[in-house]
Amino acid sequence: MTYQYEYPRPAVSADIVVIDRRTTSSKILLIQRLKDPFADQWALPGGFMEIDETLESAAIRELREETGLIVADVQQVGAFSAVDRDPRGRVITVAFLVELKSDQTAVAADDARSTRWFDLDALPKLAFDHAEIIRQSLAVLAIKDGSGKHQ
């Protein structure tokens, strides 16, 4: 089925913030991008939503494709729609949060060169607007915990 619209349509993506709080200091999973834009830079796992899936399904699929991690449920953090957030064009992303609960090992695949767990207070420079996505995700996590701050 072909659609034609009078107005341009943005692309939609899903990014996922994976937190592991099972150790004394919380860690976040990042991927090193294989391709441009931002090749070799660190980013959240994520990618474009397929036409026949939900945003939640896209986030779960992208996490599996890029890291091998399998999760069943994700919590929506919010939408990020800055006009210039992606140099490839107009892309709106919806970010999701998941806390890792099992001893899975992240392995880079698809368009990820590598994966690494980072301490939340020692993050590298991030691609796109992923630093802002992480900030908002940590705020959601703090509210969920009732602590007012991340652990």
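This is a short talk on one strand, β2, and on the largest pocket of the structure.

A word of caution to begin with: the model is predicted.

I will start with the strand. β2 covers residues 27-33. Is β2 enclosed or open? Six of its seven residues are buried, meaning under 20% relative accessible area, so β2 is largely enclosed by the rest of the structure.

Now for its partners. β2 runs antiparallel to β1, and two bridges join them. One pair to look for is isoleucine 19 with isoleucine 28 in β2. These two strands form a hairpin, with six residues between them.

Next is β7, residues 112-119, which pairs with β2 in the antiparallel sense over seven bridges. There, leucine 29 has tryptophan 117 in β7 as its bridge partner.

Then there is β3, residues 42-43, again antiparallel to β2, with two bridges. Here glutamine 32 stands opposite tryptophan 42.

On to the pocket. The largest pocket has a volume of about 260 Å³. Its lining is made up of 19 residues. Which of them lie nearest the centre? They are Arg33, Gly46, Gly47, Phe48 and Arg88.

β2 comes up again here: along with β1, β4 and α1, β2 supplies at least two residues of the lining. The largest share, three residues, comes from β4, the strand at residues 46-48.

As for chemical character, the lining divides into 10 charged residues, five nonpolar and four polar.

To close, keep β2 in view: it is largely enclosed, because six of its seven residues are buried, and it also contributes to the lining of the largest pocket.

Conventions. Residues are numbered from 1 along each chain as its sequence is written. This is a predicted model: local features need pLDDT of at least 70, side-chain atom pairs count only at pLDDT 80 or more; totals for chains, interfaces and linings use all residues. Side-chain values use heavy atoms; hydrogens and water are left out. On a 1 Å grid over the protein atoms alone, a cavity is a set of points where a 1.4 Å probe fits but cannot get out, and a pocket is an open set with protein on both sides within 12 Å along at least five of seven lines; lining residues have an atom within 4 Å of a point. Grid points are joined across faces, edges and corners, and a volume is the space filled by probe spheres set on the points. Helices (H or I, at least four residues) and strands (E, at least two) are DSSP runs, numbered from the N terminus. Ala, Val, Leu, Ile, Met, Phe, Trp, Tyr, Cys and Pro count as nonpolar, Asp, Glu, Lys and Arg as charged, and the others, Gly among them, as polar. Buried means under 20% relative accessible area, exposed over 50%, partly exposed in between (1.4 Å probe, protein chains only). Two strands pair if DSSP finds at least two bridges between them.
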